[in-house]
Number of protein chains: 2
Amino acid sequence: MNDAPTPADHPLLITDFLYRARDMFGDKEIVDHIDGEEVFRYTYRDYAERVLRLASALVEAGVRPGDRVGTLAWNHRRHLELYLAVPLAGAVLHTINIRLSPDEIAYIVDHADDAMIFADPSLADLLSVASERRPDMPVVLIDPEGESLDAERTLDSMVASAAPLASPVPRRDDDLAVLCYTSGTTGSPKGVGYLHKSLYLHTMAACLADGHAISERDRALLVVPMFHANAWGVPFAALMTGASQILPGPHPTPAHIAALIEKERVTYTGMVPTVAVDLLAHVRGAGTDLSSLRALVLGGSTPAISLIRDLEELGVPVFQGWGMTEISPMATFSRPPAATDDDPQRRWELIRKQGRLLPGLQWKLVDDDGNVMPHDGISRGEVLIRGPWVATSYYNADHPDKFADGWLRTGDIGVIDEHGYLTIVDRTKDLIKSGGEWISSVALEEALLEDPAVHEAAVVSVPHPRWQERPVAYVVGDADIDVEAVGARLAERVPRWWLPEKIVVVDELPRTSVGKLDKRRLREQAAGTPDLWEATTPKNSPVPVPHRDS
Amino acid sequence: MNDAPTPADHPLLITDFLYRARDMFGDKEIVDHIDGEEVFRYTYRDYAERVLRLASALVEAGVRPGDRVGTLAWNHRRHLELYLAVPLAGAVLHTINIRLSPDEIAYIVDHADDAMIFADPSLADLLSVASERRPDMPVVLIDPEGESLDAERTLDSMVASAAPLASPVPRRDDDLAVLCYTSGTTGSPKGVGYLHKSLYLHTMAACLADGHAISERDRALLVVPMFHANAWGVPFAALMTGASQILPGPHPTPAHIAALIEKERVTYTGMVPTVAVDLLAHVRGAGTDLSSLRALVLGGSTPAISLIRDLEELGVPVFQGWGMTEISPMATFSRPPAATDDDPQRRWELIRKQGRLLPGLQWKLVDDDGNVMPHDGISRGEVLIRGPWVATSYYNADHPDKFADGWLRTGDIGVIDEHGYLTIVDRTKDLIKSGGEWISSVALEEALLEDPAVHEAAVVSVPHPRWQERPVAYVVGDADIDVEAVGARLAERVPRWWLPEKIVVVDELPRTSVGKLDKRRLREQAAGTPDLWEATTPKNSPVPVPHRDS
């Protein structure tokens with residue numbers, strides 16, 4: 001090879017998606033809703049015009065290449081405008097989690113060293129601490145739909161004042177395009193920087209026929225918050241393919257989501273299982289028509305088979321994706337093979353698995369001693385992943401324990417079967433080491449969920465004076481749930497030494513800002529229970545047996 | 001950014017596809033046929049075992065990283081083994097066109113400086129000149145299915161003698177993986193080198209839901225020759241997604257193709273329109289069941305609307321792809337949008353267009369003076385394309401006129417509409433400049449094809465003493481075709497000065513080695529016709545009018 005450019009030098013920039021949407025799919029729509037009611041509808045052509053003006057205004061406002069520009073906003077069209085305008089201005093879109101406290105937000109804004117922040121007026125108070133600490137950082141309010149803000153500079157006034165950007169501020173495809181902090185259940189929030197190239201390839205993977213298969217035919221509803229790993233990357237996929245986008249606005253409820261699906265003939269959406277459970281309950285009562293959906297993708301935690309089955313029986317095809325902020329976020333997709341078309345039970349079981357690795361990525365299972373484990377459906381190990389959209393470090397932070405030779409240590413313990421389907425069996429930090437043997441909190445939760453009286457279950461590890469660690473279970477269940485009976489039925493399904501020290505009935509399980517089970521809070525709660533070990537009876541004493549032979 | 005690895009550094013190597021196929025889709029099949037009869041069937045698991053042994057044997061035989069290893073073979077499983085074994089050995093797969101003459105092949109083999117060549121015994125004679133010139137270059141015979149070759153070294157003996165390769169010979173993703181010479185209608189054949197990264201991204205594009213959408217559910221029939229731009233890249237796409245592959249063997253006829261589709265429940269295939277015309281005729285007679293097909297992709301030249309319609313009416317969904325060897329080869333895909341679901345005529349017209357540019361690529365239309373033309377459905381210009389799977393130079397050859405600032409000059413004149421659908425209206429070298437004005441040979445061919453008596457048509461330019469150039473038409477038609485009547489009907493559909501100087505009826509049109517119309521031969525033939533201008537009558541005299549206003 002010589003010094004002449006090669007195809008490998010061609011940059012993959014997400015800013016191209018804007019031009020693609022405008023030039024090929026100019027008539028496709030973005031629809032904004034508030035409380036389930038349509039409030040605005042415009043085309044990609046008009047969207048692109050506003051984005052290019054906003055990008056130009058950002059440059060005029062002094063935003064320089066590589067600067068971080070924060071957003072603190074719900075899922076609406078102006079947030080989507082910032083998604084492309086900030087990278088077009090050569091800057092880095094920093095989406096801030098609106099469910100964090102003012103102190104946490106101040107930490108993140110400081111760490112990211114944001115040059116400017118755009119905020120929904122209803123959320124602007126969350127910046128109180130950050131603004132105190134960074135008095136020179138401009139906070140630009142995002143005009144709410146249908147209101148005229150009384151401020152010198154707002155997003156709309158910037159759009160109005162500027163001419164469209166003639167061409168994107170030049171960037172390389174290994175420059176950062178987006179920055180997103182993990183909601184981290186331990187330690188300080190950690191920033192994950194997404195390169196242009198990473199997001200471009202992630203978008204292509206999302207649109208594979210065997211992936212989320214997002215296409216020109218789709219009308220995508222963005223339920224996943226846009227501050228959470230780019231709403232799983234769906235906005236970029238929609239722009240690349242020309243899918244229309246339906247935005248639910250602030251505080252979407254299951255009733256709103258159901259109404260939007262029916263009214264807007266939504267074909268594709270994704271959500272965490274908890275939201276899907278509520279949606280299902282609502283739809284059953286209201287009789288909403290969900291027949292337009294070709295895919296409802298669940299992610300964030302493992303769905304119950306009953307949820308997959310019940311949605312399918314309503315005519316909604318369900319899939320599962322697994323990933324994390326550090327993987328942009330998609331790593332796997334659980335699409336059942338043709339062989340299961342006539343075998344619903346097997347299909348549901350496959351969809352319940354986390355799925356096959358997307359092309360472009362590589363993975364391995366590694367045991368505690370660093371040995372690579374076989375993909376035999378039995379051997380377990382921590383899942384390590386690498387690839388062009390997998391983080392190799394955190395943003396301006398050193399966490400060598402999380403990265404190894406270019407591999408991301410996901411912290412998830414998995415089993416991969418001979419067809420390449422991953423099943424997450426635990427988090428490294430959720431494993432319970434009892435008397436020298438591992439107990440799977442996930443397996444215990446599943447066993448609890450087989451009990452009809454149990455609706456939700458969470459198992460955590462607590463320190464134990466004799467056995468190092470022991471499991472404690474938290475359950476949400478029937479109003480008249482009988483804990484003794486639940487324990488007795490559980491004893492029929494798991495080894496005796498797995499039985500939790502205590503089964504605690506609660507009204508609801510604590511969740512993190514992105515809707516995942518907050519096991520950290522449960523662990524703290526469990527460890528702080530004064531009478532915890534009083535419940536220990538001989539029947540619960542750990543009797544270690546080898547995992548493989550059991 | 002610092003010196004630590006970033007996600008952008010993760011290499012995209014096509015050798016990964018082998019491991020993916022083995023580890024996730026080990027039960028999927030490769031099926032070999034000869035004359036429409038199944039002769040061998042094995043799994044990706046067994047395929048991978050042989051490929052890894054073959055790769056190891058290549059290294060043992062002295063093949064070094066970057067060496068070119070030629071193949072001269074039909075579409076069968078051992079050719080598919082070489083597809084992956086050669087890159088795994090760190091070498092470059094050089095697929096040689098079996099329809100070239102021994103002299104042409106000798107030129108190509110010399111230019112590529114092949115270190116070794118694998119050849120089907122039935123094709124080995126084509127290497128006579130090459131072997132004379134390069135006596136030290138080993139030619140390894142590929143064992144025909146079911147035969148034992150009496151030779152010291154054959155492909156099977158190499159597989160049998162070697163242990164599986166422990167890991168791929170290390171390569172960067174901007175190293176060459178494949179080399180393919182264009183069948184070039186002008187000058188010497190030119191080599192196009194495909195980088196690992198180029199082919200990886202091309203494969204992802206092929207598997208997009210809005211692209212060929214190749215998926216785990218597919219059973220792909222490889223009709224396009226494997227020496228022609230990697231059979232459009234389908235073998236790599238099938239390995240990446242786990243689609244099964246059906247290989248038709250030597251000399252596939254329309255009857256064989258039809259039989260394979262029916263027997264093997266083929267879901268996806270691609271072919272040039274000429275082959276599809278013959279397939280359609282056969283199926284109509286034989287009543288073959290093609291209902292398993294979810295996509296028949298046409299490429300290589302523009303299909304007639306009647307072909308698209310007739311196939312659709314047989315229940316076969318038709319698509320069109322456009323590309324060229326220099327684009328790996330896919331550039332566009334013509335997938336009709338949802339809006340045409342209930343409007344067959346509009347759908348067929350859209351499928352007949354070359355389609356929308358695949359994500360990852362960029363294009364522009366440029367007029368003779370280098371001006372970028374708008375995408376308005378009217379303005380025409382040469383199509384320039386760039387992207388990670390678009391050549392930026394030829395292999396060890398200087399052709400600056402073909403490349404400009406990283407853009408490939410495709411030589412095709414196109415129009416792009418406001419929805420991003422490209423229509424190729426001419427080749428730069430097929431345009432006819434008559435009396436200072438351009439005549440489109442493609443438009444003339446289309447007008448001729450509207451005549452029910454005309455089955456095929458080709459229009460070429462010939463030098464003219466007065467008007468510089470004038471069109472001459474060659475047609476295949478009904479047995480009792482009346483040329484005068486064809487000319488009269490044509491006069492009703494095109495401007496008077498477009499009417500060909502002569503309409504020549506022939507039994508068949510000449511084709512290149514990959515089945516495309518060979519306009520070079522027609523031009524030579526037309527220019528050599530002694531009485532060509534005698535047919536010129538006043539009615540045919542060019543009366544130039546401006547194109548845009550006509």
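Visitor: How many residue pairs are in polar contact across the interface of chain A and chain B?

Guide: The rule finds 20 such pairs, both residues at pLDDT 80 or more. A polar contact is a pair of N or O atoms within 3.5 Å, where within protein one must be able to donate a hydrogen and the other to accept it, and residues adjacent in sequence count only if both atoms are side-chain atoms. This is a predicted model, in which local features need pLDDT of at least 70 and side-chain atom pairs pLDDT 80 or more, while totals for chains, interfaces and linings use all residues. Residues are numbered from 1 along each chain as its sequence is written, chains are lettered from A and ligands numbered from 1 in the order in which they are written, and side-chain values use heavy atoms, without hydrogens and water.

Visitor: What makes Asp341(A) and Arg217(B) a salt bridge?

Guide: Their side chains lie 2.8 Å apart, N to O. The rule asks for a side-chain nitrogen of Lys or Arg within 4 Å of a carboxyl oxygen of Asp or Glu, so the pair qualifies. Across the interface of chain A and chain B, two salt bridges are found.

Visitor: Which elements of chain A each supply at least two residues of the side that touches chain B?

Guide: They are helices H1 (15-24), H7 (196-206) and H8 (234-241), with strands S15 (356-357) and S16 (362-366). These are DSSP runs, helices being H or I of at least four residues and strands E of at least two, numbered from the N terminus. H7(A) gives the largest share, six residues.

Visitor: How large is the area buried between chain A and chain B?

Guide: About 4,500 Å², of which carbon and sulfur atoms give 58%. That is the accessible area (1.4 Å probe) lost on putting the two parts together, summed over both. With contact taken as heavy atoms within 4.5 Å, each of chain A and chain B supplies 53 residues.

Visitor: Why is Ser434(B) called buried?

Guide: Its relative accessibility is 0%. Buried means under 20%, exposed over 50% and partly exposed in between (1.4 Å probe, protein chains only), so Ser434(B) counts as buried. Ser434(B) sits in strand S22 (residues 432-434) of chain B.

Visitor: What do domain 2 and domain 3 of chain A bury between them?

Guide: About 460 Å², 41% of it on carbon and sulfur atoms. The domains, bounded by an automatic or database assignment, cover 358-428 and 431-540. Between them there are zero salt bridges and three residue pairs in polar contact, both residues at pLDDT 80 or more.
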